[in-house]
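Good morning, and thank you for making time for this presentation. I should like to go through one structure with you, beginning with a term and then moving from the overall fold to individual contacts.

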Amino acid sequence: MSEDAAELALRIGDLLLRSGAVTIEALEDAVGLSAKMRMPLGRVLGMHGHLNEAGMQAALSLQEMIEQKKITLDSAVKALEMVAVQGLDFNTALRKMAPGVEKSQGRLTHKWER
């Protein structure tokens, strides 16, 4: 895994862990397997049943929104928990956690394969 990919995995991993979407054991296993097999982290988590596509897409979108200062880390963690753990639609979770964020800014724009 490249240095950028490792850094992305750690940031995404922190968001996934804080939200309860994955366990530390599942994340550590997936990061190792991702590097070994040269597969995207999201695909490995999905293949092993730890995270569905909607959860990974939400995590990637929320990470971008945090970096752009459109949502706080705490709100992003709660929104991801609603999507990945409770099964709520991403835009619904986003509206609940960050009412000032426009729906168009919270669209799932990332590919699962990223």
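A residue is called buried here when its relative accessible area is under 20%, and exposed when that value is over 50%; anything in between is partly exposed. Please bear in mind that this is a predicted model.

Let me apply the term at once to helix α2. Which residues of α2 are buried? They are A26, L27, A30 and S34. These four cover an arc of only 95 degrees around the axis, and they therefore lie on the same side of α2. The face turned away from that buried side carries exposed residues, namely E28, D29 and K36. As for its geometry, α2 has 14 residues, which at 1.5 Å a residue should span 20 Å, and the end C-alpha atoms are indeed 20 Å apart. Just after the helix, R38 adopts a positive phi of about 55 degrees.

Now to the chain as a whole. It contains six helices and zero strands, so the order of elements from the N terminus reads α-α-α-α-α-α. Of its 114 residues, 40% are buried. Among contacts with a sequence separation of 6 or more, 59% join residues that lie 24 or more positions apart.

That leads to the interior. In soluble globular proteins, nonpolar side chains tend to be buried together. In this model, the largest nonpolar core has 29 residues, and the members that touch the most others are L15, L16, L45, L51, L62, L80 and F90. At least two residues of this core come from each of α1, α2, α3, α4, α5 and α6.

Helix α4 deserves a closer look. It runs from residue 53 to residue 67, and its 15 residues reach 21 Å from the first C-alpha to the last, close to the 21 Å expected. The buried residues of α4 are G55, M56, Q57, A58, A59, L60, S61, L62, Q63 and M65. One of them, L62, was also on the list of core residues with the most contacts to other members. At the start of α4, a side-chain oxygen of N52 comes to within 3.3 Å of the backbone nitrogen of A54. Just after the helix, K69 takes a positive phi of about 60 degrees.

Next, the charged groups. Side chains of opposite charge can pair when their charged atoms come close. How many salt bridges does the model contain? The count comes to one. The partners are D14 and R18, with their closest N and O atoms 3.2 Å apart. Why are these two placed about one helical turn from each other? Both belong to helix α1, residues 3-19, and they are four residues apart in it. D14 is partly exposed, at 33% relative accessible area, and R18 is likewise partly exposed, at 47%.

Finally, R18 has a further neighbour, L73, which is found in helix α5, residues 73-85. L73 and R18 are 55 residues apart in sequence, yet their C-alpha atoms are 9.8 Å apart in space. Leaving aside residues up to four places away in sequence, L73 touches L15, R18 and I66. Of these, L15 is also one of the core residues that touch the most other members. L73 itself is partly exposed, because its relative accessible area of 31% falls between the two cut-offs given at the start.

Key. Residues are numbered from 1 along each chain as its sequence is written. This is a predicted model: local features need pLDDT of at least 70, side-chain atom pairs count only at pLDDT 80 or more; totals for chains, interfaces and linings use all residues. Side-chain values use heavy atoms; hydrogens and water are left out. The expected span of a helix is 1.5 Å times one less than its number of residues. Buried means under 20% relative accessible area, exposed over 50%, partly exposed in between (1.4 Å probe, protein chains only). A polar contact is a pair of N or O atoms within 3.5 Å; within protein, one must be able to donate a hydrogen and the other to accept it, and residues adjacent in sequence count only if both atoms are side-chain atoms. A salt bridge is a side-chain nitrogen of Lys or Arg within 4 Å of a carboxyl oxygen of Asp or Glu. Contact means heavy atoms within 4.5 Å. A nonpolar core is a set of buried Ala, Val, Leu, Ile, Met, Phe, Trp, Tyr and Cys residues joined through side-chain atoms within 4.5 Å. The arc is that of the directions from the helix axis to the C-beta atoms.
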